[in-house]
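Here is a walk through one model, taken a region at a time. Have the sequence and the 3D view open as you read.

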Amino acid sequence: MASNRLEVLNALDVAKTQWYHFTAIIIAGMGFFTDAYDLFCISTVTKLLGRIYYFDPSSKSPGSLPPNVSAAVNGVALCGTLAGQLFFGWMGDKLGRKKVYGITLMIMVITSIASGLSFGSTAKSVMTTLCFFRFWLGFGIGGDYPLSATIMSEYANKKTRGAFIAAVFAMQGFGILAGGAVAIIVSTTFKNRYDRPAYQDDPRGSTAHEADYVWRIILMFGAVPAALTYYWRMKMPETARYTALVARNVKQAAADMSKVLQVDIEADIQVDEVVAKNNLGFTLFSKEFARRHGLHLLGTTSTWFLFDIAFYSQNLFQKDIFTSVGWLPPAKSMNAIEEVYKIARAQSIIALSSTVPGYWFTVAFVDHIGRFTIQLLGFFFMTVFMFALAIPYDHWRGTKCDSGYCGGNHGAFVILYALTFFFSNFGPNTTTFIVPAEIFPARLRSTCHGISAAAGKAGAIVGAFGFLYAAQSTHVAQVDKGYPTGIGVKNSLILLGVTNALGFLFTFLVPETNGKSLEELSGENGEEQGVELERTHSRRRTAPIE
């Protein structure tokens, strides 16, 4: 190891797993719990919003959100998230991780409550205010991505760093599950109190006036975990890597980590020597950055972009896929609150059986088999199962009949569908979050993670808006009200399979980071920076760090 290795950073890399590691995981992870809850709970209530605000007494089907409104309600938070990832990623490198960490959480608390209080006397005014608040909710959520990933990577030791970052991200699974659980509890409570007939029996009476409280309570609950975490975020010290390598205050970094690790750490090297010796003054848009990290940034952005197209298409529109294959009964056979319950129940079953286990499989194995292998296998099996769903789609669905679809194999479809979620989470959903927090220099780490995450949200926006229209039937008579004809669910699933296959190929641009310190990976460790990683890349056919 080079002689100019900072002692405080070495102490972090070799530190044994301690209570402060788990504290950091919980504090950062609760942000992701909230993020996932807020982003995905909307899918449990969009059909309810259509019944309440777009009821048409002359229609044989319950009211539904018009195409432009549905796209906005589902996608506006993703637009805010993209903006937040870029802005707070940059702020995290300019002002420090800790200084902006609490801001993102307060934005989430305020806008979660405001979303549930969306006001207005007409459908247009309610949807407009809801979209306004959900954009800023997404803005706060976006900041959590680069900050939480960077903070956890800079706190962790190199032996278990992958598992710690993955554990933070795995809290998303519990957030998705909590979204379903809260929707089930709220809808069950209201259904027992305000039971109504099915739409086909009484179109107007099928939606209780009190149903308007159901979606508001579900959205507002997202403020609770965020508010409970705020105090502890403010108590976290700034990361030693930011303090030492960016703020260039080695003494303060050593003092902070001495308290955290409960050992004496000497500030024995001036950080200016490290920066000067390793030519680490390059900026994001410099030729030096492009030479060292250009292909890596391309790899992290492209794989995250491609993955999120498929992931958010599946997550936000599970209800539509479940209905199309007959796993959910026709909307007209249920009342408004009952429909919320059945959608939430279906999504919770998928989350509990595949989404949550997939996250924690990554936590268990990421430091043993590596990020590269998990991501490659994840994309591979997502592609296989997506094609297995799509090509014999008519076999799984069955033929249309009065009660929905008859003669298909709905159980097998749901199992295969759940497996795509398992391998997305035991795969690229987690690894695309981990790697950008490891391979870039400390002063650009949060920014580059924000750029990578924003590319992912651009993919999510493509998936959220694109799938909404693409999945419409090719037959005019079977298209949902207000929509043009699409390519159908079958062809949409084939397209998602192709997207996953492209993600598999672009994974070869992403380096393996397992078992190396952040300074080795970024070139901040001395004269021999990047040598070991370059050899690893040669074996894995990925782009080397020079």
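Where is S43 found? S43 sits in the loop between α2 and α3, the latter running over 46-53. Keep in mind as you look around that this is a predicted model.

## The loop between α2 and α3

Let's stay with S43 for a moment. Its relative accessible area is 1%, under the 20% cut-off, so S43 counts as buried. In sequence, S43 and G180 are 137 residues apart, yet C-alpha to C-alpha they are 9.6 Å apart in space.

V45 belongs to the loop between α2 and α3 as well. Buried or exposed? V45 is buried, at a relative accessible area of 0%. Its long-range partner on the list is A183: 138 residues separate V45 and A183 in sequence, and 8.4 Å separates their C-alpha atoms in space. Set aside the neighbours within four places in sequence, and V45 is in contact with W215 and I218.

## The overall picture

Stepping back, the protein chain has 23 helices and two strands. It runs to 546 residues, and 62% of them count as buried.

How much of the contact map comes from residues 24 or more positions apart? Among contacts in the protein chain with a separation of 6 or more, such pairs account for 81%.

## Helices α2 and α5

Now for some helix packing. Two packed helices are described by the angle between their axes and by the distance between those axes. For α2 (residues 19-40) and α5 (residues 97-116), the axes come within 11 Å and cross at roughly 35°. The crossing of α2 and α5 is left-handed.

Which residues make the contact? On the α2 side they are A28, G31, T34, D35 and D38, while α5 brings Y101, L105, M108 and S112. Sorted by class, the contact between α2 and α5 has four nonpolar residues, three polar ones and two charged ones. Y101 turns up in another role too: the charged end of R233 sits over the Y101 ring, 3.8 Å from the ring centre.

## Aromatic pairs

There are 45 aromatic pairs in the structure. Take F311 and Y312 as one of them: the ring centres are 5.6 Å apart and the planes stand at 85°, which is over 60°, so the pair counts as edge-to-face. F311 is buried at 1% relative accessibility, and Y312 is buried too, at 3%.

Ring pairs also build a cluster. It links F361, F365, F372, F380, F381, F385, F422, F423, F426, F504 and F508.

## V214 and L82

Next, two residues that sit in helices. V214 is in helix α8, residues 211-220. With a relative accessibility of 0%, V214 counts as buried. Which residues does V214 touch, not counting those up to four places away in sequence? They are L48, V186, F190 and I337. F190 is 24 residues from V214 along the chain, and the C-alpha atoms of V214 and F190 are separated by 7.5 Å.

L82 lies in helix α4, which spans residues 67-94. Its relative accessibility is 22%, so L82 counts as partly exposed: that value falls between the 20% limit for buried and the 50% limit for exposed. Leaving out residues up to four places away in sequence, L82 touches A454, K457, A458 and I461. There is also A453, 371 residues from L82 in sequence, but with the two C-alpha atoms 7.5 Å apart in space.

## R248 and its backbone

One last stop, this time for a backbone angle. R248 is not a glycine, but it has a positive phi of about 60°. Where does R248 lie? R248 is in the loop between α10 (240-246) and α11 (250-261). Its relative accessible area is 43%, so R248 counts as partly exposed.

Conventions:
Residues numbered from 1 in each chain as written. Predicted model: local features only at pLDDT ≥ 70, side-chain atom pairs only at ≥ 80, totals over all residues. Heavy atoms only, no water. Phe/Tyr/Trp six-rings, centres within 6.5 Å; stacked < 30°, edge-to-face > 60°. Buried < 20%, exposed > 50% of the residue type's maximum accessible area, 1.4 Å probe, protein only. Lys NZ or Arg CZ within 6 Å of the ring centre and 35° of its normal. Axes fitted to C-alpha atoms, helices over the stretch in contact; angles between N-to-C directions. Helix = DSSP H or I, 4+ residues; strand = E, 2+ residues; numbered from the N terminus. Left-handed = near helix turned anticlockwise from the far one by under 90°. Contact = heavy atoms within 4.5 Å. Nonpolar A, V, L, I, M, F, W, Y, C, P; charged D, E, K, R; others polar.
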